[in-house]
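Please examine the sequence and the model below before reading on. The paragraphs that follow are intended to be read beside them.

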Amino acid sequence: MSIYEVIQYFAIAIAFLIAVIGHEIMHGLVAKHYGDLTATNYGRLSLNPLKHIDPFGSVIFPILLYLSQKFMGIENPIIFGWAKPVPVNILGIVSNGGYLAAFNVSIAGIVYNFFVAAIAATLLKFVNLSSSLFAIFIYTFLMYLIVINVVLAVFNSIPIPPLDGANALKYLSLRLKLFSVVKFYNKIERYGLAILMLIMFTPLAQYIFYPAQKIIYWLVH
């Protein structure tokens, strides 16, 4: 393994942790804003990665995804995964701030990911890529920070339970009294993971991540 590969893997690992852990912490912080201290009481607003890492979602799945795409000859693999979901008391949040508060908690992670990607893209424009290992690391780190955060945001925006997009749409529908939409989500909730797996491991995935590719291209050019 060359030094450049080591730099790449290290940059991916740090960017991934910032993306997935920050995503979950933001859910907890916004919930706290509405008076829900569940995440605080469970110690989940900590920056300590050990409190957030999901063995499969944060380690095994991203590695398998990366290696499988490399094996298939994909030059720039799509990497994403997840951390342990931050616990929130959604009933308390609705009680304190209404369905709009629940909507805000649901989209907090997505907003965070897009915000971090935008900041990374801005910083990338000031990086002077040279032959120094430090410059290569910073450039690689910022690039993967953009890619991983955008992919994670777009993926979580999919309106299929249990993803954030589905939760946000459900609470927004409750706010607007679109009860037929709520009933629909209640019916398909148990099938959500199966639907997601069907999408992720079929050619349908390319349509899901096409917006992510366009956003990434726009940010880095």
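The account below moves from the interior of the protein to its surface and then to the loops.

The structure is a predicted model, and its interior is a suitable place to begin. The largest nonpolar core has 42 residues, of which Phe-141, Ile-146, Ile-148 and Val-150 touch the most other members. Five helices each give two or more residues to this core: H1 (3-33), H4 (90-124), H5 (133-156), H8 (192-200) and H9 (204-220). Helix H5 supplies the largest share, with 14 residues. A second core, separate from this one and made up of seven residues, includes Val-30, Ala-31, Tyr-34 and Val-105.

Several residues of helix H5 merit individual attention. Which residues does Phe-141 touch, once those up to four places away in sequence are set aside? They are Ala-11, Ile-14, Ala-15 and Ile-18. Thr-140 also lies in helix H5. On the same basis of counting, Thr-140 touches Gln-8 and Ala-11, and Ala-11 is likewise among the residues touched by Phe-141. Thr-140 has a relative accessibility of 15% and therefore counts as buried, the limit being under 20%. Its side chain reaches the backbone oxygen of Ile-136 at 2.7 Å.

Further along helix H5 is Asn-149. Is this polar side chain's residue buried or exposed? Asn-149 is buried, because its relative accessible area is 0%. Leaving out residues up to four places away in sequence, Asn-149 touches Ala-19, Tyr-112, Asn-113, Val-116, Ala-117 and Tyr-144. With one of these residues, Asn-113, there is a polar contact of 2.7 Å between the two side chains. In the sequence, Asn-149 and Phe-134 are 15 residues apart, and their C-alpha atoms are 22 Å apart in space.

Helix H9 can be approached through Leu-219, which lies within it. The relative accessibility of Leu-219 is 11%, so this residue counts as buried. Its contacts beyond four places in sequence are with Ala-117, Ala-118, Ala-121, Lys-125, Ile-146 and Val-150. Two of these partners, Ile-146 and Val-150, are named among the core residues that touch the most other members. Ala-117 is also a contact of Asn-149. Leu-219 and Thr-122 are 97 residues apart in sequence, yet 8.3 Å separates them in space, C-alpha to C-alpha.

The loop between H3 and H4 contains Ala-83. At 3% relative accessibility, Ala-83 counts as buried, because the limit is under 20%. Apart from residues up to four places away in sequence, Ala-83 touches Val-20, Glu-24, His-52, Asp-54 and Ser-58. The C-alpha atoms of Ala-83 and Lys-51 are separated by 9.3 Å, while the two residues are 32 residues apart along the chain.

Attention now turns to the surface. A nonpolar patch there is formed by Phe-56, Val-59, Ile-60, Ile-63, Leu-64, Leu-67 and Trp-82, which together have about 620 Å² of accessible area. Val-59, one of these residues, is placed in helix H3 (residues 55-71). Its relative accessibility is 36%, so Val-59 counts as partly exposed.

Two loops contain backbone features that call for a general remark. Most residues other than glycine have a negative phi, and most peptide bonds are trans. Where is the cis peptide bond? A cis peptide bond joins Pro-161 and Pro-162, with omega of about 10 degrees. Pro-162 is located in the loop between H5 and helix H6 (164-175). Lys-177, although not a glycine, has a positive phi of about 60 degrees. Lys-177 is found in the loop between H6 and helix H7 (179-188). With a relative accessible area of 61%, Lys-177 is exposed.

A further loop, between helix H2 (38-41) and H3, holds Gly-43. This glycine counts as partly exposed, because its relative accessibility is 23%. Gly-43 and Pro-162 are 119 residues apart in sequence, and the distance between them in space is 23 Å, C-alpha to C-alpha.

Terms used: Residues are numbered from 1 along each chain as its sequence is written. This is a predicted model: local features need pLDDT of at least 70, side-chain atom pairs count only at pLDDT 80 or more; totals for chains, interfaces and linings use all residues. Side-chain values use heavy atoms; hydrogens and water are left out. A nonpolar core is a set of buried Ala, Val, Leu, Ile, Met, Phe, Trp, Tyr and Cys residues joined through side-chain atoms within 4.5 Å. Buried means under 20% relative accessible area, exposed over 50%, partly exposed in between (1.4 Å probe, protein chains only). Helices (H or I, at least four residues) and strands (E, at least two) are DSSP runs, numbered from the N terminus. Contact means heavy atoms within 4.5 Å. Patches are made of residues with over 30% relative accessible area and no salt bridge: like charges are joined within 9 Å, nonpolar side chains (Val, Leu, Ile, Met, Phe, Trp, Tyr) within 5 Å. Accessible areas come from the Shrake-Rupley method with a 1.4 Å probe; for residues, only the protein chains shown count as cover. A salt bridge is a side-chain nitrogen of Lys or Arg within 4 Å of a carboxyl oxygen of Asp or Glu. A polar contact is a pair of N or O atoms within 3.5 Å; within protein, one must be able to donate a hydrogen and the other to accept it, and residues adjacent in sequence count only if both atoms are side-chain atoms.
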